[in-house]
Amino acid sequence: MAKLAINGGEKVITRSLGREWPIWDECEERALLDVLHSGRWWGGGEGSKVRQFEDTFSAYQNAKYGITTTSGTQALICALAAAGVEPGDEVLVPALSFFASATCLLFLNAVPIFVDVDPSSYNLSAEALEAAITDRTRAAVVVHNGGYPADMDAIMEVSRKHDLPIIEDCAHAHGSEWKGTRVGAIGHLGAFSLMAGKTLAGGEGGIILTNHAQFREKLYAYMDMGRWIERTDKSVRLGTTTNFRMPEWTAAILLAQLTRLDEQIERRERNFTYLAERLKEIDGIEPFERDSRVTRWSIYYWNFKYQQKAFDDIPRNKFIEAVNAEGASIGVGAHGQPIYQQPLFQSIHASHDKPIDYTQVHCPEAERIYQTEALSMSQRCFLGERVDMDLILEAIRKVRGHTDELRN
Ligand SMILES: Cc1ncc(COP(=O)(O)O)c(C=O)c1O
(Lines give C-alpha, C1' and ligand atoms only; values in the text may rest on other atoms or scores of the structure.)
Protein backbone atom coordinates (compact mmCIF):
# COMPACT_ATOMS: atom_id res chain seq x y z
CA MET A 1 0.00 0.00 0.00
CA ALA A 2 1.19 3.51 -0.85
CA LYS A 3 2.60 5.48 2.07
CA LEU A 4 3.07 8.88 0.43
CA ALA A 5 0.07 11.25 0.42
CA ILE A 6 0.71 12.01 -3.26
CA ASN A 7 -0.15 8.37 -3.96
CA GLY A 8 -3.18 8.21 -1.64
CA GLY A 9 -1.40 7.62 1.71
CA GLU A 10 -2.08 9.56 4.89
CA LYS A 11 -0.88 13.18 5.10
CA VAL A 12 1.67 14.13 7.75
CA ILE A 13 0.34 17.68 8.30
CA THR A 14 -3.38 18.26 8.57
CA ARG A 15 -3.49 21.84 9.91
CA SER A 16 -2.05 25.10 8.66
CA LEU A 17 1.41 25.91 10.01
CA GLY A 18 2.66 29.23 11.34
CA ARG A 19 0.23 32.16 11.46
CA GLU A 20 -2.25 33.80 9.14
CA TRP A 21 -0.78 37.00 7.68
CA PRO A 22 -1.05 39.95 8.23
CA ILE A 23 -1.26 39.94 12.03
CA TRP A 24 -3.26 42.77 13.61
CA ASP A 25 -5.24 43.62 16.73
CA GLU A 26 -6.83 46.57 18.49
CA CYS A 27 -3.61 48.63 17.99
CA GLU A 28 -4.30 48.82 14.25
CA GLU A 29 -8.03 49.41 14.88
CA ARG A 30 -7.25 52.29 17.22
CA ALA A 31 -4.64 53.74 14.88
CA LEU A 32 -7.08 53.78 11.96
CA LEU A 33 -9.86 55.33 14.02
CA ASP A 34 -7.47 57.99 15.32
CA VAL A 35 -6.68 59.04 11.76
CA LEU A 36 -10.35 58.95 10.79
CA HIS A 37 -11.41 61.16 13.70
CA SER A 38 -8.47 63.55 13.31
CA GLY A 39 -9.74 64.64 9.91
CA ARG A 40 -6.10 64.70 8.76
CA TRP A 41 -6.13 62.02 6.09
CA TRP A 42 -3.45 63.47 3.86
CA GLY A 43 0.04 62.35 4.84
CA GLY A 44 2.32 65.30 4.25
CA GLY A 45 4.31 67.55 6.54
CA GLU A 46 5.42 67.88 10.14
CA GLY A 47 3.35 66.08 12.74
CA SER A 48 1.87 63.59 10.24
CA LYS A 49 1.93 59.83 10.77
CA VAL A 50 3.68 59.58 7.41
CA ARG A 51 6.55 61.78 8.61
CA GLN A 52 6.64 59.83 11.91
CA PHE A 53 6.86 56.53 10.04
CA GLU A 54 9.59 57.87 7.72
CA ASP A 55 11.66 58.95 10.72
CA THR A 56 11.06 55.80 12.77
CA PHE A 57 11.67 53.28 10.00
CA SER A 58 14.76 55.03 8.61
CA ALA A 59 16.28 55.08 12.13
CA TYR A 60 15.31 51.39 12.53
CA GLN A 61 17.23 50.56 9.34
CA ASN A 62 20.22 52.79 10.30
CA ALA A 63 19.56 55.34 7.54
CA LYS A 64 19.40 59.13 7.90
CA TYR A 65 16.46 59.84 5.60
CA GLY A 66 13.26 58.10 4.54
CA ILE A 67 10.68 59.09 1.91
CA THR A 68 7.48 57.03 1.61
CA THR A 69 5.59 56.09 -1.56
CA THR A 70 2.45 54.10 -2.34
CA SER A 71 4.30 50.95 -3.46
CA GLY A 72 7.67 49.24 -3.54
CA THR A 73 7.78 49.55 -7.33
CA GLN A 74 7.33 53.31 -7.04
CA ALA A 75 10.03 53.40 -4.36
CA LEU A 76 12.39 51.76 -6.88
CA ILE A 77 11.37 54.22 -9.62
CA CYS A 78 12.04 57.22 -7.35
CA ALA A 79 15.37 55.77 -6.19
CA LEU A 80 16.54 55.13 -9.75
CA ALA A 81 15.43 58.57 -10.90
CA ALA A 82 17.19 60.21 -7.94
CA ALA A 83 20.35 58.25 -8.82
CA GLY A 84 20.28 59.94 -12.22
CA VAL A 85 18.96 57.12 -14.42
CA GLU A 86 17.73 58.59 -17.71
CA PRO A 87 16.11 57.23 -20.89
CA GLY A 88 18.45 54.80 -22.65
CA ASP A 89 20.70 54.23 -19.63
CA GLU A 90 21.54 50.63 -18.82
CA VAL A 91 20.96 49.41 -15.29
CA LEU A 92 22.28 46.09 -14.01
CA VAL A 93 19.70 43.85 -12.33
CA PRO A 94 19.97 40.31 -10.91
CA ALA A 95 18.40 37.67 -13.14
CA LEU A 96 16.65 36.08 -10.17
CA SER A 97 14.15 38.39 -8.50
CA PHE A 98 10.52 39.38 -8.60
CA PHE A 99 10.02 41.09 -11.97
CA ALA A 100 9.34 44.53 -10.41
CA SER A 101 13.11 44.80 -9.74
CA ALA A 102 13.46 45.22 -13.53
CA THR A 103 10.08 46.50 -14.77
CA CYS A 104 10.56 49.65 -12.64
CA LEU A 105 13.23 50.60 -15.21
CA LEU A 106 10.81 50.51 -18.11
CA PHE A 107 8.85 53.33 -16.48
CA LEU A 108 12.00 55.47 -16.83
CA ASN A 109 12.68 54.24 -20.38
CA ALA A 110 15.91 52.75 -19.06
CA VAL A 111 17.25 49.35 -20.12
CA PRO A 112 17.54 46.38 -17.72
CA ILE A 113 20.69 44.31 -18.24
CA PHE A 114 20.43 41.00 -16.42
CA VAL A 115 23.34 39.72 -14.36
CA ASP A 116 23.81 36.20 -13.01
CA VAL A 117 23.54 35.30 -9.33
CA ASP A 118 25.89 33.78 -6.79
CA PRO A 119 24.78 30.20 -6.08
CA SER A 120 25.72 30.50 -2.41
CA SER A 121 23.13 33.22 -1.75
CA TYR A 122 20.89 33.48 -4.88
CA ASN A 123 21.88 37.18 -4.85
CA LEU A 124 23.63 39.26 -7.50
CA SER A 125 27.18 38.03 -8.03
CA ALA A 126 29.68 40.88 -7.53
CA GLU A 127 32.01 39.30 -10.09
CA ALA A 128 29.28 39.08 -12.73
CA LEU A 129 28.25 42.64 -11.84
CA GLU A 130 31.72 43.99 -12.53
CA ALA A 131 32.00 42.04 -15.77
CA ALA A 132 28.70 43.49 -17.03
CA ILE A 133 29.65 47.16 -16.60
CA THR A 134 29.96 49.16 -19.86
CA ASP A 135 30.15 52.85 -20.63
CA ARG A 136 26.33 52.87 -20.86
CA THR A 137 25.85 51.49 -17.33
CA ARG A 138 24.30 54.07 -15.03
CA ALA A 139 23.41 52.13 -11.83
CA ALA A 140 22.77 48.66 -10.38
CA VAL A 141 19.81 47.22 -8.48
CA VAL A 142 20.88 44.76 -5.78
CA VAL A 143 18.13 42.52 -4.37
CA HIS A 144 18.41 40.80 -0.99
CA ASN A 145 16.62 37.71 -2.25
CA GLY A 146 14.19 36.24 0.28
CA GLY A 147 15.74 38.57 2.90
CA TYR A 148 19.27 37.10 2.81
CA PRO A 149 21.68 40.04 2.44
CA ALA A 150 23.79 40.21 -0.71
CA ASP A 151 27.57 40.44 -0.30
CA MET A 152 27.60 44.20 0.20
CA ASP A 153 31.39 44.29 0.81
CA ALA A 154 32.15 43.01 -2.67
CA ILE A 155 29.32 44.96 -4.31
CA MET A 156 30.30 48.29 -2.73
CA GLU A 157 33.91 47.63 -3.74
CA VAL A 158 32.78 47.35 -7.38
CA SER A 159 30.61 50.45 -6.89
CA ARG A 160 33.58 52.52 -5.59
CA LYS A 161 35.88 51.29 -8.35
CA HIS A 162 33.43 52.18 -11.13
CA ASP A 163 31.59 55.08 -9.47
CA LEU A 164 28.37 53.11 -9.81
CA PRO A 165 25.29 54.04 -7.76
CA ILE A 166 23.81 51.03 -5.94
CA ILE A 167 20.09 50.81 -5.31
CA GLU A 168 19.27 48.11 -2.78
CA ASP A 169 15.91 46.43 -3.43
CA CYS A 170 14.98 45.50 0.14
CA ALA A 171 11.41 44.35 -0.57
CA HIS A 172 12.16 41.03 1.18
CA ALA A 173 14.57 42.19 3.86
CA HIS A 174 13.06 44.53 6.49
CA GLY A 175 15.43 44.33 9.45
CA SER A 176 18.15 42.23 7.75
CA GLU A 177 21.71 43.21 8.60
CA TRP A 178 25.10 42.97 6.94
CA LYS A 179 28.01 43.31 9.42
CA GLY A 180 25.79 45.16 11.90
CA THR A 181 24.29 47.65 9.43
CA ARG A 182 20.76 47.17 8.21
CA VAL A 183 20.06 46.80 4.52
CA GLY A 184 18.89 49.87 2.64
CA ALA A 185 21.50 51.96 4.47
CA ILE A 186 24.56 50.37 2.82
CA GLY A 187 24.12 51.23 -0.86
CA HIS A 188 23.37 54.75 -2.09
CA LEU A 189 19.62 54.24 -1.88
CA GLY A 190 17.39 51.46 -0.51
CA ALA A 191 13.81 50.74 -1.63
CA PHE A 192 11.30 48.72 0.41
CA SER A 193 7.87 47.34 -0.41
CA LEU A 194 5.26 47.57 2.36
CA MET A 195 2.44 45.66 0.65
CA ALA A 196 0.26 43.34 2.73
CA GLY A 197 2.31 40.17 2.23
CA LYS A 198 5.61 41.78 3.21
CA THR A 199 7.12 41.42 6.69
CA LEU A 200 6.17 45.03 7.40
CA ALA A 201 2.64 45.12 6.04
CA GLY A 202 0.79 48.34 5.25
CA GLY A 203 -1.68 47.03 2.63
CA GLU A 204 0.21 48.83 -0.12
CA GLY A 205 3.19 51.14 0.32
CA GLY A 206 6.90 51.69 -0.08
CA ILE A 207 9.78 53.67 1.36
CA ILE A 208 13.16 54.78 0.04
CA LEU A 209 16.07 55.22 2.47
CA THR A 210 19.32 57.06 1.98
CA ASN A 211 22.19 58.48 4.00
CA HIS A 212 22.92 61.09 1.34
CA ALA A 213 21.32 64.51 1.71
CA GLN A 214 21.66 65.23 -2.01
CA PHE A 215 19.25 62.39 -2.83
CA ARG A 216 16.64 63.39 -0.25
CA GLU A 217 15.26 66.47 -2.02
CA LYS A 218 15.24 64.64 -5.34
CA LEU A 219 13.41 61.65 -3.86
CA TYR A 220 10.80 63.92 -2.39
CA ALA A 221 10.33 65.73 -5.69
CA TYR A 222 9.90 62.47 -7.64
CA MET A 223 7.42 61.21 -5.04
CA ASP A 224 5.35 64.41 -4.82
CA MET A 225 4.86 65.86 -8.30
CA GLY A 226 8.09 67.83 -8.41
CA ARG A 227 7.47 69.75 -5.19
CA TRP A 228 10.02 70.76 -2.54
CA ILE A 229 9.95 69.04 0.86
CA GLU A 230 9.36 72.16 2.90
CA ARG A 231 6.87 73.61 0.40
CA THR A 232 7.94 77.17 1.14
CA ASP A 233 8.89 77.40 -2.53
CA LYS A 234 5.67 76.79 -4.50
CA SER A 235 7.39 76.13 -7.83
CA VAL A 236 7.60 72.65 -9.33
CA ARG A 237 10.52 71.02 -11.10
CA LEU A 238 11.42 67.67 -12.68
CA GLY A 239 8.79 67.44 -15.42
CA THR A 240 8.18 63.68 -15.45
CA THR A 241 7.11 63.29 -11.82
CA THR A 242 3.74 62.15 -10.53
CA ASN A 243 1.89 61.59 -7.26
CA PHE A 244 3.22 58.64 -5.21
CA ARG A 245 2.20 60.06 -1.81
CA MET A 246 1.40 57.64 1.03
CA PRO A 247 -1.85 58.39 2.90
CA GLU A 248 -2.07 58.71 6.71
CA TRP A 249 -3.99 55.42 7.07
CA THR A 250 -1.11 53.43 5.73
CA ALA A 251 1.46 55.10 7.97
CA ALA A 252 -0.77 54.58 11.03
CA ILE A 253 -0.98 50.83 10.29
CA LEU A 254 2.77 50.63 9.61
CA LEU A 255 3.66 52.28 12.93
CA ALA A 256 1.54 49.67 14.72
CA GLN A 257 3.09 46.82 12.67
CA LEU A 258 6.58 48.10 13.46
CA THR A 259 6.08 47.44 17.19
CA ARG A 260 5.88 43.68 16.42
CA LEU A 261 8.64 43.44 13.84
CA ASP A 262 11.57 42.56 16.12
CA GLU A 263 9.73 39.79 17.92
CA GLN A 264 8.57 38.31 14.59
CA ILE A 265 12.07 38.44 13.06
CA GLU A 266 13.55 36.73 16.12
CA ARG A 267 10.87 34.03 16.18
CA ARG A 268 11.36 33.22 12.49
CA GLU A 269 15.14 33.17 12.89
CA ARG A 270 14.90 30.78 15.87
CA ASN A 271 12.59 28.47 13.95
CA PHE A 272 14.50 28.34 10.66
CA THR A 273 17.82 27.91 12.46
CA TYR A 274 16.39 24.87 14.26
CA LEU A 275 14.98 23.52 11.00
CA ALA A 276 18.24 24.10 9.08
CA GLU A 277 20.30 22.17 11.64
CA ARG A 278 18.10 19.10 11.17
CA LEU A 279 17.66 19.42 7.40
CA LYS A 280 21.45 19.17 7.03
CA GLU A 281 21.15 15.55 8.10
CA ILE A 282 18.83 14.68 5.19
CA ASP A 283 20.66 13.64 2.00
CA GLY A 284 19.67 15.89 -0.89
CA ILE A 285 18.45 18.84 1.22
CA GLU A 286 20.96 21.63 1.74
CA PRO A 287 20.33 24.80 3.78
CA PHE A 288 22.40 27.90 2.90
CA GLU A 289 25.82 28.06 4.53
CA ARG A 290 25.20 31.24 6.52
CA ASP A 291 27.86 33.91 5.91
CA SER A 292 29.11 35.18 9.29
CA ARG A 293 28.74 38.75 7.97
CA VAL A 294 24.95 38.22 7.86
CA THR A 295 24.41 39.47 11.41
CA ARG A 296 20.61 39.43 11.15
CA TRP A 297 18.61 37.40 8.66
CA SER A 298 15.04 38.59 8.38
CA ILE A 299 13.16 36.41 5.93
CA TYR A 300 10.29 37.02 3.54
CA TYR A 301 11.03 33.65 1.97
CA TRP A 302 13.46 31.18 3.54
CA ASN A 303 15.43 29.79 0.59
CA PHE A 304 17.23 26.44 0.72
CA LYS A 305 18.56 23.98 -1.80
CA TYR A 306 17.64 20.65 -3.37
CA GLN A 307 20.25 18.26 -4.77
CA GLN A 308 18.56 15.82 -7.14
CA LYS A 309 21.39 13.28 -7.30
CA ALA A 310 21.62 12.99 -3.53
CA PHE A 311 17.83 12.67 -3.31
CA ASP A 312 17.79 9.34 -5.17
CA ASP A 313 17.67 11.25 -8.47
CA ILE A 314 14.08 12.41 -7.93
CA PRO A 315 13.52 15.67 -9.89
CA ARG A 316 13.05 18.74 -7.69
CA ASN A 317 9.51 19.46 -8.93
CA LYS A 318 8.44 15.91 -8.10
CA PHE A 319 9.83 16.39 -4.58
CA ILE A 320 7.85 19.66 -4.23
CA GLU A 321 4.63 17.93 -5.33
CA ALA A 322 5.17 15.08 -2.88
CA VAL A 323 6.04 17.24 0.09
CA ASN A 324 3.12 19.62 -0.62
CA ALA A 325 0.81 16.61 -0.66
CA GLU A 326 2.08 15.84 2.85
CA GLY A 327 0.91 19.34 3.89
CA ALA A 328 4.29 21.14 3.96
CA SER A 329 4.04 24.29 1.88
CA ILE A 330 7.34 24.42 -0.05
CA GLY A 331 7.82 26.22 -3.38
CA VAL A 332 10.61 27.69 -5.50
CA GLY A 333 10.71 31.16 -3.92
CA ALA A 334 9.53 34.70 -4.45
CA HIS A 335 11.77 35.07 -7.50
CA GLY A 336 10.16 32.47 -9.79
CA GLN A 337 11.78 32.17 -13.23
CA PRO A 338 14.70 34.41 -14.31
CA ILE A 339 13.12 37.79 -15.11
CA TYR A 340 14.27 37.89 -18.74
CA GLN A 341 12.25 34.72 -19.38
CA GLN A 342 9.01 36.53 -18.51
CA PRO A 343 6.78 36.98 -21.62
CA LEU A 344 7.19 40.77 -21.37
CA PHE A 345 10.96 40.60 -21.88
CA GLN A 346 10.77 37.79 -24.40
CA SER A 347 8.74 40.13 -26.59
CA ILE A 348 10.90 43.28 -26.30
CA HIS A 349 13.43 43.25 -29.11
CA ALA A 350 14.79 46.75 -29.12
CA SER A 351 15.47 49.49 -26.63
CA HIS A 352 16.38 52.94 -27.93
CA ASP A 353 19.29 52.95 -30.33
CA LYS A 354 20.86 49.70 -29.13
CA PRO A 355 18.99 46.51 -30.02
CA ILE A 356 18.40 44.14 -27.11
CA ASP A 357 16.98 40.69 -27.66
CA TYR A 358 16.16 39.16 -24.30
CA THR A 359 15.49 35.76 -25.93
CA GLN A 360 19.28 35.60 -26.37
CA VAL A 361 20.08 36.37 -22.71
CA HIS A 362 21.29 33.47 -20.56
CA CYS A 363 22.36 33.52 -16.93
CA PRO A 364 23.31 29.86 -16.37
CA GLU A 365 23.28 29.89 -12.56
CA ALA A 366 19.90 31.62 -12.33
CA GLU A 367 18.41 29.15 -14.84
CA ARG A 368 19.87 26.10 -13.07
CA ILE A 369 18.74 27.33 -9.65
CA TYR A 370 15.21 28.08 -10.86
CA GLN A 371 14.82 24.83 -12.77
CA THR A 372 16.43 22.30 -10.46
CA GLU A 373 17.67 23.58 -7.13
CA ALA A 374 15.65 26.32 -5.38
CA LEU A 375 13.35 25.43 -2.50
CA SER A 376 11.63 28.01 -0.39
CA MET A 377 9.13 28.53 2.42
CA SER A 378 7.16 31.67 3.23
CA GLN A 379 7.87 33.76 6.33
CA ARG A 380 4.38 32.88 7.66
CA CYS A 381 5.39 29.25 8.21
CA PHE A 382 8.00 30.32 10.78
CA LEU A 383 5.74 32.36 13.05
CA GLY A 384 4.46 29.37 15.02
CA GLU A 385 6.06 27.04 17.54
CA ARG A 386 8.94 24.57 17.20
CA VAL A 387 6.43 21.75 16.77
CA ASP A 388 5.64 23.19 13.31
CA MET A 389 9.30 22.74 12.32
CA ASP A 390 9.14 19.14 13.55
CA LEU A 391 6.12 18.53 11.33
CA ILE A 392 7.92 19.95 8.27
CA LEU A 393 10.90 17.72 9.07
CA GLU A 394 8.65 14.70 9.41
CA ALA A 395 7.03 15.43 6.02
CA ILE A 396 10.43 15.79 4.28
CA ARG A 397 11.87 12.70 5.99
CA LYS A 398 8.82 10.69 4.98
CA VAL A 399 9.24 11.68 1.31
CA ARG A 400 12.99 10.96 1.60
CA GLY A 401 12.22 7.50 2.94
CA HIS A 402 9.83 6.57 0.13
CA THR A 403 11.51 7.82 -3.03
CA ASP A 404 10.74 4.44 -4.61
CA GLU A 405 7.10 5.59 -4.76
CA LEU A 406 8.08 8.68 -6.79
CA ARG A 407 9.44 6.76 -9.75
CA ASN A 408 6.95 5.90 -12.40
C1 LIG B 1 12.05 42.00 -4.93
C2 LIG B 1 10.85 42.89 -5.09
N3 LIG B 1 11.03 44.14 -5.54
C4 LIG B 1 9.99 44.98 -5.69
C5 LIG B 1 8.71 44.60 -5.41
C6 LIG B 1 7.58 45.54 -5.68
O7 LIG B 1 6.87 45.93 -4.54
P8 LIG B 1 5.36 46.38 -4.65
O9 LIG B 1 4.52 45.17 -4.91
O10 LIG B 1 5.07 46.99 -3.30
O11 LIG B 1 5.25 47.37 -5.75
C12 LIG B 1 8.46 43.30 -4.93
C13 LIG B 1 7.09 42.87 -4.61
O14 LIG B 1 6.82 41.74 -4.26
C15 LIG B 1 9.56 42.42 -4.77
O16 LIG B 1 9.40 41.16 -4.34
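Trp302 in strand 14 has Met377 of strand 15 as its bridge partner, and I should like to begin there, with the reminder that everything shown today comes from a predicted model. Asn303 stands opposite Ser376 in strand 15. In total, 5 bridges join strand 14, residues 301–306, to strand 15, and the two strands run antiparallel.

On its other pairing, strand 14 meets strand 12 in the antiparallel sense over 3 bridges. Within that pairing, Glu286 has Lys305 of strand 14 as its bridge partner. Together these strands form an open sheet of 3 strands in the order 12-14-15, with antiparallel pairing. Strand 12, residues 285–287, and strand 15, residues 374–378, stand at the edges; each has a single partner strand, so one side of each is left without a neighbour in the sheet. From one strand to the next, the twist averages 35 degrees.

How many of the residues of strand 14 are buried? The count is 6 of the 6, so strand 14 is largely enclosed by the rest of the structure.

Let me turn to helix 11, which spans residues 364–373. Its buried residues are Ala366, Ile369 and Tyr370. Viewed down the axis of helix 11, these residues fall within an arc of 90 degrees, so they line one face of the helix. The general background is familiar: an α-helix has 3.6 residues a turn, so residues three or four places apart point the same way. As for partners, the buried residues of helix 11 pack against strand 4, residues 117–118, and against strand 15.

Helix 6, residues 152–162, may be described in similar terms. Met152, Ile155 and Ser159 are the residues to note here, and they are buried. They cover an arc of only 65 degrees around the axis, which puts them on the same side of helix 6. What does the face turned away from the buried side carry? There we find the exposed residues Arg160 and Lys161. The buried residues of helix 6 pack against strand 5 (123–124), helix 5 (126–132), strand 6 (137–143), strand 7 and strand 8. Just after helix 6, Asp163 takes a positive phi of about 50 degrees.

Strand 8 leads us to another sheet. This is an open sheet of 3 strands, ordered 9-8-13, with antiparallel pairing. Its edge strands are strand 9, residues 181–182, and strand 13, residues 294–296, each of which pairs on one side only. Strand 8 and strand 13 pair in the antiparallel sense over 2 bridges, and Trp178 has Val294 in strand 13 as its bridge partner.

Close by in the sequence is Gly175, placed in the loop between strand 7 (166–169) and strand 8 (177–178). Is Gly175 buried or exposed? With 24 other C-beta atoms within 10 Å, Gly175 is buried, because the threshold for a buried residue is 20 or more. Leaving aside residues up to four places away in sequence, Gly175 touches Arg182, Leu261, Ile265, Arg296 and Ser298. As regards Ser298, the separation from Gly175 is 123 residues in sequence and 5.9 Å in space, C-alpha to C-alpha.

Now to the ligand. There are 15 residues around the ligand, and Gly72, Thr73, Phe98, Ala171 and Ser193 come nearest. The elements giving two or more residues to this shell are helix 3 (72–82) and helix 4 (100–107). By class, the shell has 6 nonpolar, 8 polar and 1 charged residues.

I close with some points of backbone geometry. Most residues other than glycine have a negative phi, and most peptide bonds are trans. The peptide bond from Trp21 to Pro22, however, is cis, with omega near 0 degrees; Pro22 is found in the segment before helix 1 (26–38).

Asn62 has a positive phi of about 70 degrees although it is not a glycine. Asn62 is found in the loop between helix 2 (49–60) and strand 1 (65–69), and with 16 C-beta neighbours inside 10 Å it counts as partly exposed.

Asp313 has a phi near 60 degrees, again a positive value in a residue other than glycine. The place of Asp313 is the loop between strand 14 and helix 9 (316–325). Why does Asp313 count as exposed? Asp313 has 11 C-beta neighbours inside 10 Å, and a residue is exposed if that number is 12 or fewer.

Technical notes
Residues are numbered from 1 along each chain as its sequence is written. This is a predicted model: local features need pLDDT of at least 70, side-chain atom pairs count only at pLDDT 80 or more; totals for chains, interfaces and linings use all residues. Helices (H or I, at least four residues) and strands (E, at least two) are DSSP runs, numbered from the N terminus. Two residues are in contact if their C-beta atoms, placed from the backbone, lie within 7 Å. Two strands pair if DSSP finds at least two bridges between them. Axes are lines fitted to C-alpha atoms, for helices over the stretch in contact, and angles run from 0 to 180 degrees between N-to-C directions. A residue is near a molecule or strand if its C-beta atom, placed from the backbone, lies within 6 Å of it. Ala, Val, Leu, Ile, Met, Phe, Trp, Tyr, Cys and Pro count as nonpolar, Asp, Glu, Lys and Arg as charged, and the others, Gly among them, as polar. The arc is that of the directions from the helix axis to the C-beta atoms.
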